[in-house]
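This report concerns the structure shown below. The text takes up the metal site, the backbone, the cavity, the cysteines and the salt bridges in turn.

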Amino acid sequence: MTELDPHLLGTRAKAMIDALASISADPGRITRLFLTPEHRRAADLVGRWMAAAGLSVSEDGLGTVRGRLPGRGERGGANGARRLLIGSHLDTVIDAGAYDGTLGVIAGILAAEHVSRTRGAMTFGIDVLAFGDEEGSRFPFALGCSSAVAGAWDEGWLDARSFDGTSLRDALRRYGKEPTAAGQEAYDPDEAAAYVEVHIEQGPVLEAQGEALGIVTAIAAQSRLSVALTGEAGHAGTVPMALRRDALAAAAEISLALEAIAREGAADFTVGTVGRLAVSPGASNVVPGEVELSVDLRSQTDAVRDRALERFRNATAEIAARRSIGLAIETLHHQGATACDAGLQGRLAGAVEAGGGRPVRLPSGAGHDGQAMAGLCPIAMLFVRCKGGISHNPAEFASIEDMGQAVAALIRFVEGFEG
Ligand code: GLV
Ligand code: MN
Ligand code: MN
């Protein structure tokens, strides 16, 4: 084991976080969506950091940046060598914080650089992966890049349209990619020894426990739906209340039904969110004729999530029928709960303890690229305390000291890993 300086590692991580935070579509706030010019600039910067860290850099057909440190005796990263995959994502939600995703990419680069400088190579190869679509903020699907890397690319996603109307095919072309090449560069399962990701917790548990770092036990099951409601637009001054088919009033009732169902499942960490409403025609003196609402429903187990989903569908159908509203529900994302590998959890915990921490074990309510990567190889996640548990919010914050401890723990994990 080499001597580590967590303060220096954290200071470097913070400078890199700040550099990525300055790359945004919107002045004064962070918005960096999949396959946008901002994604391009962030990917280029990360590629330069990877090269400076001694990694050989490539980019796949969906824009995932891959920085490779070959294993000992492996010439130029030839296929067939076992490799440890370390990654996270560069895309953000709209009006995001600076740490979600970026910290994991940066931690991977700093850890690989440390190994490259201090040892030259390990017996296994290391690939640092910077994915571009964890959030699903631009297109209706999520985890597209990591699904492709894991061999689970869905050809149907090429036909998806972004929330601003661009098809994925066009977005790929504009990004300089050939759409038919998307999803063609998956790892061979024999090559991928494990996937590990550092990520801010995005919740309050570590702060409440007074610990900087936590080991994720499992990632919650998540479903995203699009609910389309069709009523009848009409004059706000003349259509009597009893005769209205108001799509927005129905959407409001459906949102409250989702809230009630999720609250009843709170013990199983069931959570339900309506995050986006598109109201048409959207004028103050017109009864809303059409509404499209997004639904995000999660729980710690597939069974509990599925039961809540069924109750939500039944409640929605009842509300729509009672109000004479047309209803169409589309499933956009349906991801099972994902267990983190017990052996890797133990190794991560050992790496945290070696730095003087008490590794708290906790589940993740947030979705992560690890969910897609679990289809390829065993996964592990290291959570980092964030202030007030706040995330998906510009107030997101992790301290230099905590980030430094996380990078140091990742380095120890890598040094102790046996491909
Ligand atoms: C991603 O952050 C998600 O959990 O939706
Ligand atoms: Mn994330
Ligand atoms: Mn996120």
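Does Asp 100 count as buried or exposed, and at what relative accessibility? In this predicted model, Asp 100 counts as buried because its relative accessibility is 6%.

**Metal site**

Asp 100 serves as one of the protein donors of the manganese ion (ligand 2), together with His 89 and His 199. Both histidines contribute NE2, the aspartate contributes OD, and the donors lie 2.1 to 2.3 Å from the metal. Along the sequence, the spacing of these donor residues reads H-x10-D-x98-H. His 89 belongs to strand S3 (residues 83–89), whereas Asp 100 sits in the loop between S3 and helix H3 (102–118), the two being eleven residues apart. Like the aspartate, His 89 counts as buried, in its case because the relative accessibility is 0%.

A second metal belongs to this picture. Asp 100 bridges the manganese ion (ligand 2) and the manganese ion (ligand 3). The separation of the two ions is 3.5 Å.

**Backbone features**

Which residues does a cis peptide bond join? The bond lies between Ser 280 and Pro 281, with omega at about 5°. Pro 281 is placed in the loop between strand S10 (277–280) and strand S11 (286–287).

Positive phi values occur at Leu 143 and at Gln 202, neither of which is a glycine. For Leu 143 the angle is near 60°. This leucine is in the loop between strand S4 (125–131) and helix H4 (144–149), and it counts as buried because its relative accessibility is 4%. For Gln 202 phi is about 70°. The glutamine is located in the loop between strand S5 (192–200) and helix H6 (205–209); with 17% relative accessibility, Gln 202 also counts as buried.

**Cavity**

The count of cavities of 30 Å³ or more comes to one. The largest cavity holds about 30 Å³ of space. Its lining includes Asp 60, Gly 61, Leu 62 and Arg 66, as well as Ala 148 and Val 149. The residues Gly 183, Gln 184, Glu 185 and Ala 186 also line the largest cavity. By class, the lining has four nonpolar, three polar and three charged residues.

**Cysteines**

How many disulfides does the structure hold? The number is zero. For Cys 340, the closest cysteine sulfur is that of Cys 377, at 11 Å, which is too far for a bond. Cys 386 is likewise in no disulfide, the nearest cysteine sulfur being that of Cys 340, 17 Å away. Cys 340 is buried, with a relative accessible area of 6%. Cys 386 is buried as well, with a relative accessible area of 1%.

**Salt bridges**

The structure holds 28 salt bridges. Three of the pairs are set out here.

| Pair | Closest N to O distance |
|---|---|
| Arg 40 and Glu 59 | 2.7 Å |
| Glu 415 and Arg 119 | 3.9 Å |
| Glu 318 and Arg 322 | 2.8 Å |

The first pair links distant parts of the chain: Arg 40 is in helix H2 (residues 37–52) and Glu 59 in strand S1 (residues 56–59), 19 residues apart. Arg 40 is partly exposed, having a relative accessible area of 23%. Glu 59 is also partly exposed, at 26%. This pair belongs to a wider arrangement, since Arg 40, Asp 44, Glu 59 and Lys 177 are linked in a network of salt bridges.

Why does the salt bridge of Glu 415 with Arg 119 tie together parts that are 296 residues apart in sequence? Glu 415 lies in helix H11 (residues 400–416), while Arg 119 lies in the loop between H3 and S4, so the pair joins those parts of the chain. Glu 415 is buried, with a relative accessible area of 9%, whereas Arg 119 is partly exposed, with 37%.

The remaining pair of the table lies within one helix, H8 (residues 302–322). Because Glu 318 and Arg 322 are four residues apart there, they are separated by about one helical turn. Glu 318 counts as partly exposed at 43% relative accessibility, and Arg 322 is partly exposed with a relative accessible area of 47%.

Notes
Residues numbered from 1 in each chain as written. Chains lettered and ligands numbered in written order. Predicted model: local features only at pLDDT ≥ 70, side-chain atom pairs only at ≥ 80, totals over all residues. Heavy atoms only, no water. Donors = N, O, S within 2.8 Å, 3.2 Å for Na, K, Ca; no water. Buried < 20%, exposed > 50% of the residue type's maximum accessible area, 1.4 Å probe, protein only. 1 Å grid on protein atoms, 1.4 Å probe; cavity = no way out; pocket = protein on both sides within 12 Å on 5 of 7 lines; lining within 4 Å. Points joined across faces, edges and corners; volume = space filled by probe spheres on them. Nonpolar A, V, L, I, M, F, W, Y, C, P; charged D, E, K, R; others polar. Disulfide = S-S within 2.5 Å. Salt bridge = Lys/Arg side-chain N within 4 Å of Asp/Glu carboxyl O.
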